[in-house]
Amino acid sequence: MAQYLFNLVKADGHAVRELAAGFLRVSMWGIGADEPHAHALASGDQILLYLGAPERVFIGRADLASAAHDWTPSEAQACPGDSTRGVLLAQVEEWDPPVSMGTVLSRMAPSEKARADFQTGVVRITANEYKTALAVATER
């Protein structure tokens with residue numbers, strides 16, 4: 001089991017927050033074919049769901065229910081946005097209010113290389129980074 005951060009920063013004409021809410025509603029998340037780590041995603045992996053700059057907030061967590069795959073016709077119809085592939089989510093927890101990345105980073109040791117902005121949509125994170133974000137979410 002691995003831990004990942006799913007980073008959503010642009011939504012091809014869709015408002016990012018609304019697109020993320022749509023993904024959560026249908027327990028799906030669009031993943032581009034060229035995303036680093038897309039091939040490594042596996043059922044059971046743990047995911048933090050993140051809205052990147054300028055929001056920089058975690059909106060929830062989930063477990064993967066599938067590896068990344070091309071959407072079936074029914075999945076493509078159900079999934080919001082324009083993605084043609086992605087993953088199915090299980091055990092989705094939406095965090096309201098969202099958890100600030102700044103708060104999570106303030107709980108981590110300075111030697112850790114965690115940061116708030118990412119160039120990719122799928123980011124491999126450490127178990128400690130995952131646990132820290134969950135602890136902050138639980139405490140709020």
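This passage walks through the strands, the opening helix and the aromatic pairs of the structure above.

The model is a predicted one, with local features requiring pLDDT of at least 70 and side-chain atom pairs pLDDT 80 or more, while totals for chains, interfaces and linings use all residues. Residues are numbered from 1 along each chain as its sequence is written, and side-chain values rest on heavy atoms, with hydrogens and water left out.

Strand 1 makes a handy starting point. Helices (H or I, at least four residues) and strands (E, at least two) are DSSP runs, numbered from the N terminus. Buried here stands for under 20% relative accessible area, exposed for over 50%, and partly exposed for anything in between (1.4 Å probe, protein chains only). Six of the six residues of strand 1 (residues 3-8) are buried, so the strand is largely enclosed by the rest of the structure. In a regular strand, side chains alternate between the two faces of the sheet. Both faces are covered in strand 1, with Q3, L5 and N7 buried on one side and Y4, F6 and L8 buried on the other.

Next come the strand partners. Two strands pair if DSSP finds at least two bridges between them. Strand 1 runs parallel to strand 3 (residues 46-51), and six bridges connect them; Q3 sits opposite Q46 of strand 3. Strand 1 also pairs with strand 7 (residues 122-125), this time in the antiparallel sense and over four bridges, with V122 of strand 7 as the bridge partner of F6.

Strand 6 picks up several antiparallel partners. Strand 2 joins strand 6 through three bridges in the antiparallel sense, and M28 is matched with L88 of strand 6. Strand 4 is antiparallel to strand 6 too, with six bridges between them, and L64 has L89 of strand 6 as its bridge partner. Strand 5 (residues 69-70) adds an antiparallel pairing with strand 6 over two bridges, where D70 stands opposite R85.

Helix 1 (residues 16-26) includes V16, which is buried at a relative accessible area of 17%. V16 and G52 are 36 residues apart in sequence, yet their C-alpha atoms are 9.2 Å apart in space. The buried residues of helix 1 are V16, L19, A20, G22, F23 and L24. These buried residues pack against strand 1, strand 2 (28-30), strand 3, strand 4 (57-64) and strand 6 (85-100), contact being heavy atoms within 4.5 Å. Right after helix 1 comes S27, with a positive phi near 55°.

Now for the rings. Rings of Phe, Tyr and Trp (its six-membered ring) pair if their centres lie within 6.5 Å; planes under 30 degrees apart count as stacked, over 60 as edge-to-face and the rest as tilted. The structure holds four aromatic pairs. One of them, F6 with W29, is tilted, at 6.1 Å centre to centre and 40° between the planes. F6 lies in strand 1 and W29 in strand 2, so this pair ties together parts that are 23 residues apart in sequence. F6 is buried at 0% relative accessibility, and W29 is buried at 2%. The ring centres of Y50 and F118 lie 5.8 Å apart with the planes at 80°, so that pair is edge-to-face. Y50 belongs to strand 3 and F118 to the loop between helix 3 (101-106) and strand 7, a link between distant parts of the chain, 68 residues apart. Y50 is buried at 0% relative accessibility, and F118 is buried at 14%. Finally, F6, F23 and W29 make up one aromatic cluster.
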